[in-house]
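Student: Please pick one part of this structure and take me through it slowly. I'd also like to know what sits around that part.

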Amino acid sequence: MKKYILIVLVVGLVGYAIYDYINHQDTTDEIVSSEETVTSQDENSGGGVEESDEVGVEKGKMAPDFELETLDGEKKKLSDLRGERVMVNFWATWCPPCRAEIPDLQKFHENEDITILAVNLTETEQDMDKVEEFVDDFGMTFPILLDTETEVADTYKIQPIPSSFMVDSTGRIQFVALGAMHYDMMIAEFNKMK
């Protein structure tokens with residue numbers, strides 16, 4: 001009897017492992033496919049981005065407008081920055097990849113003609129003192145916007161953080177990064193924008 005139970009248990013575990021492996025592969029393929037859709041260039045337009053006047057969070061679409069208060073109490077509105085190249089970066093103090101990305105963001109801000117809007121997911125933070133301390137510790141000199149109710153994060157369909165959107169001078173999204181970017185990647189994508 002114990003032998004049969006052991007056999008059934010082993011067969012069940014092997015069956016589950018195969019099921020899990022196949023299911024994981026399908027999910028991984030979907031994620032890779034969706035990231036390629038978001039971050040790959042459109043081959044039909046000669047390697048560029050197919051532009052649209054439609055508002056959305058995909059490459060080539062007009063970036064959804066928003067207005068948030070900064071850590072300094074000022075109001076910043078994305079549409080007020082038309083004519084400038086902008087990077088909208090979503091982050092939080094508790095996020096390890098965000099911590100790793102911030103020094104490269106600061107270097108990018110200092111070395112290039114780009115406006116960085118660092119949208120803090122304030123609703124997820126323990127308290128504002130942590131945000132202010134984080135900004136001071138990392139020497140962040142670009143605008144820190146406070147998404148106190150994650151409305152902007154919801155509009156931009158933010159799942160992983162950090163996530164970044166490179167917006168050209170016409171207000172169109174030219175690149176989407178789901179996850180941390182390094183300095184060389186920022187420069188490469190910046191140089192592709194008008």
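**The sheet and its surroundings**

Tutor: Let's start from the outside: the protein chain has an accessible surface of about 11300 Å², and carbon and sulfur atoms own 51% of it. Areas like this come from the Shrake-Rupley method with a 1.4 Å probe, and for residues only the protein chains shown count as cover. Before going further, note that this is a predicted model: local features need pLDDT of at least 70 and side-chain atom pairs count only at pLDDT 80 or more, while totals for chains, interfaces and linings use all residues. Residues are numbered from 1 along each chain as its sequence is written, and side-chain values use heavy atoms, with hydrogens and water left out.

Of the 194 residues in the chain, 39% are buried. Here buried means under 20% relative accessible area, exposed means over 50%, and partly exposed is in between (1.4 Å probe, protein chains only). The chain holds five helices and seven strands, in the order α-β-β-β-α-β-α-β-α-β-β-α along the sequence. Both kinds are DSSP runs numbered from the N terminus: helices are H or I with at least four residues, strands are E with at least two. Among contacts with a separation of 6 or more, 70% link residues 24 or more positions apart; a contact means heavy atoms within 4.5 Å.

Now for the part I'd pick: the sheet. Its seven strands form an open sheet in the order β2-β1-β5-β4-β3-β6-β7, with mixed pairing. The edge places go to β2 (75-77) and β7 (173-178), and each has a single partner strand, so one side of each has no neighbour in the sheet. On average, neighbouring strands here are turned by 30 degrees against each other, direction ignored. Two strands count as paired if DSSP finds at least two bridges between them. As general background, strands of a sheet pair through backbone hydrogen bonds, either parallel or antiparallel. For one pair up close, look at β1 (residues 67-70) and β5 (residues 144-146): they run antiparallel and two bridges join them. Within that pair, glutamate 69 faces leucine 146 in β5.

What packs on the sheet? One answer is helix α2 (residues 96-111), which touches β3 (86-91), β4 (115-120) and β6 (163-167), and whose direction makes about 160 degrees with that of β3. Another is helix α5 (residues 183-192), touching β3, β6 and β7, with a direction about 25 degrees from that of β6. Those axes are lines fitted to C-alpha atoms, for helices over the stretch in contact, and the angles run from 0 to 180 degrees between N-to-C directions.

Stay with α2 for a moment. Glutamine 106 belongs to this helix, and its relative accessibility of 5% makes it buried. Leaving out residues up to four places away in sequence, glutamine 106 touches Gly139, Met140, Thr141 and Phe142.

There is also a disulfide here, joining cysteine 95 to cysteine 98 with 2.5 Å from S to S. The rule is a pair of cysteine sulfur atoms within 2.5 Å, and it gives a count of one disulfide. The link between cysteine 95 and cysteine 98 is right-handed, with 80 degrees about the S-S bond. Both ends are tucked away: cysteine 95 is buried at a relative accessible area of 3%, and cysteine 98 is buried at 1%.

Next comes helix α3 (residues 128-138), whose buried residues are Val131, Phe134 and Val135. They sit on the same side of α3 because they cover an arc of only 95 degrees around the axis, using the directions from the helix axis to the C-beta atoms. An α-helix has 3.6 residues a turn, so residues three or four places apart point the same way. The cover over the buried residues of α3 includes β3, α2, β4 and β5, while Asp129, Asp136 and Asp137 are exposed on the other side of α3.

Finally, the loops. Most residues other than glycine have a negative phi, and most peptide bonds are trans. Threonine 150, in the loop between β5 and α4, has a positive phi near 50 degrees and is buried at 13%. Lysine 157 lies in the loop between α4 and β6; its phi is also positive, near 55 degrees, but lysine 157 is exposed at 59%. Proline 162 is in the loop between α4 (151-155) and β6, and the peptide bond leading to it from isoleucine 161 is cis, with omega near 0 degrees.
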